[in-house]
Amino acid sequence: MRSRGRRHHDASPSHREYGTSTAAPKARVEDLMKAKTRNAKRSGGTATESRRAFMRQAVLGGAGATAAALGTGRAASAAEEDVKPITIPSEFEKAKAAPLPEIDFPMSGAQVFARACKEEGVKALFCCPGNYDVVHAIGDMGIPTYSGRHEGSLCHAADAFCRATGEVAATSGTEGPGFTDMICAISAANSARSPILVLASNKTIFAEDTEQGIQDQNQQPLTEGIKKYGKRLITPARTWEYAGYAFRQLKSGVPKPVHLDFPAEIARARFTDPIDVEYFYDKTKYRTDARPHPDPQAIDRAVELLRSAERPVIVSSNGVLYSKAWDALRKLAERAHIPVVESGAMKGQFPAEHELSADAAPMALMSADVVLLVGQYCMPTLGEFAFGPDARYIRIDPGAEDIGRNLPIDVGIVSDERAALEALAAAMPRQRREAWVAEVAAAREAFEAENEEYYRTGLGYTDAVHPAVIGKELADFLHHGDLPADRTTILQGGYGIARYTRRYLRAHRPAQIINGAYQYGAIGPDIGYTVGVAAAVRHGVGAQAGFEGHPVIGITGDGGFGYTAMEVETLSKYRFPAVIVVYNNNAWGTWTGQRNNTIGLPVHLFQENLRYDKLGEALGAHGEYVTRPDEMRPALERAYQVALDESRPSVVNVQAKKEFWVRDQYPPGFLGKIEPGVMSYYH
Ligand SMILES: Cc1ncc(C[n+]2csc(CCOP(=O)(O)OP(=O)(O)O)c2C)c(N)n1
């Protein structure tokens, strides 16, 4: 077995302008200098110092050079002028340029498994050092391999990569602590139904039960209930066969994590002859790409229900991405004139600008009479969705075992989502439902008017930046400015801030928005998620095809940032052009519940006015500190420009205040969620 060629390495960033006007960059540079001067004055520095710091930064550019200096964090004081800049080791460039090794029999167990990963199209590996044989065997196959600072964050990265692409990603950690660091992330991926392949080394089979040595953990039971399939490999001769077990699960039905443990006897097993791995070469021999097709009778019943409905709605979720069913979805919606709302771990499979999009029309949903749920893998219970009690439900799902769980069905269609939508589109009569579509449009207008009102109110709070201002400025910049509205992939994380940004940001093409916390509701994965999204976009994998190399946005809260902030270093070392927006309200969003609890309140508070931008700078990113509403848009523009010019991350630290969550003091306060649709958070 031979494998030759260049590594599928990280493309050097190219200089790209997002604006159409050639004057735009100059204007931005002037803005930058003004802002820096203002900030320097406020912080007691001189304008000259500040300008010097900026000029040093402005000339950095030159992305792609080996040992590139990243040190915008260099302070202006004379003593610190001597501090060496942050650099990317030259080994990174050498690694990119190195040819892939030739791999042939005899092969190790790790190499055989890695070969299967390559054949099966695993698109990326996210890891920390550990499980060395497997990690390096996968890297040697040319599968882009990213390492970061915490196994949990990198596992989150794999999850987000799957959500952004619809493809399988692997993640790996060392036995014991590295693996257990991933548990929260595996659980989050399980709730989001992401096909992550979790790999970990594990105690040797020989030393079983002895507690000999370090990093001893009985790993498989720890993923009980949060995986689709798992196995501690214990039969060296069958190492390759378990790749088949793993990929049968990852590539069929409803995806979920698969967890494999590799004791040393497995990773280092020796395969001397191709005959040792029998039908391993040909994946069509151990699994099929065939998909379940819908029962024609079920289609007839669904057609009948939809045809006679007055106010039908389609809820489009994860399965539409994984089965690449967005064209079929659109065809059905347009033919039968049915509004579509998105609810899932990723959005954009139905474009927000379409006249049938009910994504920003939450108040219309209550009057739906028939709801078609397609690919809604994590199913809400009755009452969690906004639909009225009399709504009737049709559900399309690839697994019969899930149909009818949580929500009573009138018609269950066990099928691949695309096959079922195509069948429905072919069978439905062409219909027009002008009154209902007008009702949805009116609800959309009302929702947008409410958002505009929140923004105006937010602008009135001038001593800090209100979340409505962040949401609106982000949307104006990403969707209504010089950038094509569908260009930038967004990791919509955070907790309280997400309840605002979700109102303003829209998805215009498949997986343009990745919903961060989703059903597991973990605070903190966001910078890990951003690594995964940035990797997906860099190579234009799966649903990100056509958007290669463009900047990505990551949104998080200050509580959330704390969990995975070290991954700013990961973004920086791989020169990912990510703009991280941190909603810095000096507190966990939970503080409001303890407002009158004098003793308990500090549990929910941080030090105030923390400089996450400087933390970013210290890790190789560009930093922006935004303290007033009018600074938000210029800061975003500068950060985006840094992403374009230098392919480098930014941390935009937006100073808010915790009291923004108190409606009496700062209306509209902490917002409720509206399910499903723009506020879709848990489903
Ligand atoms: C890992 C984890 N820990 C704790 C919680 C409970 N929790 C839910 S929201 C929240 C506060 C989040 O604060 P922050 O990220 O600062 O967001 P904010 O609401 O302030 O924007 C907490 C602690 C959780 N969901 N996940």
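**View 1. What packs around helix α18 in this predicted model.** The cover over the buried residues of α18 includes two helices, α16 (434-459) and α17, along with the strands β15 (489-492), β16 (513-515), β17 (552-557) and β18. How many of the residues of α18 are buried? The count is 9 of the 9, so the rest of the structure largely encloses this helix. Going along it, the buried residues are G496, I497, A498, R499, Y500, T501, R502, R503 and Y504.

**View 2. Zooming in on α17 against α18.** Here helix α17 (residues 467-479) packs on helix α18 (residues 496-504) at an angle of about 35°, and the two axes sit 8 Å apart. The crossing is right-handed. On the α17 side, look for P467, A468, I470, G471, K472, L474, A475 and H479; on the α18 side, their partners are I497, Y500, T501 and Y504. Sorted by class, this contact of α17 with α18 holds 8 nonpolar, 3 polar and 1 charged residues.

**View 3. Helices α7 and α9, side by side.** At what angle do the axes of α7 and α9 cross? It's roughly 15°, with the axes coming within 8 Å. The pair is therefore roughly parallel, and the crossing of α7 and α9 is right-handed. From α7, the contact uses G152, C155, H156, D159 and R163, while α9 brings C184, A185, I186, A188, A189 and A192. That contact of α7 with α9 breaks down into 7 nonpolar, 2 polar and 2 charged residues.

**View 4. Inside the largest nonpolar core.** This core has 58 residues, and F126, F161, V533, F561, L571 and F576 are the ones with the most contacts inside it. Which elements each supply at least two residues of this core? They are the helices α7 (151-165), α9 (183-192), α13 (318-322), α19 (526-538) and α21 (567-573), plus the strands β5 (196-202) and β18 (578-584). As a bit of background, nonpolar side chains tend to be buried together in soluble globular proteins.

**View 5. F561 and its neighbours.** Leaving aside residues up to four places away in sequence, F561 touches I527, T556, V568, I580, V582, Y612, L615 and V651. F561 is also one of the residues with the most contacts inside the largest nonpolar core. Apart from that core lies another one, of 43 residues, with A464, L474, I555 and F660 among them. L474 turns up in View 2 as well, as one of the α17 residues that meet α18.

Note on methods: Residues are numbered from 1 along each chain as its sequence is written. This is a predicted model: local features need pLDDT of at least 70, side-chain atom pairs count only at pLDDT 80 or more; totals for chains, interfaces and linings use all residues. Side-chain values use heavy atoms; hydrogens and water are left out. A nonpolar core is a set of buried Ala, Val, Leu, Ile, Met, Phe, Trp, Tyr and Cys residues joined through side-chain atoms within 4.5 Å. Buried means under 20% relative accessible area, exposed over 50%, partly exposed in between (1.4 Å probe, protein chains only). Helices (H or I, at least four residues) and strands (E, at least two) are DSSP runs, numbered from the N terminus. Contact means heavy atoms within 4.5 Å. Axes are lines fitted to C-alpha atoms, for helices over the stretch in contact, and angles run from 0 to 180 degrees between N-to-C directions. A crossing is left-handed if the near helix is turned anticlockwise from the far one by less than a right angle, and right-handed if clockwise. Ala, Val, Leu, Ile, Met, Phe, Trp, Tyr, Cys and Pro count as nonpolar, Asp, Glu, Lys and Arg as charged, and the others, Gly among them, as polar. Angles under 35 degrees count as roughly parallel, over 145 as roughly antiparallel, 65 to 115 as roughly perpendicular and the rest as oblique.
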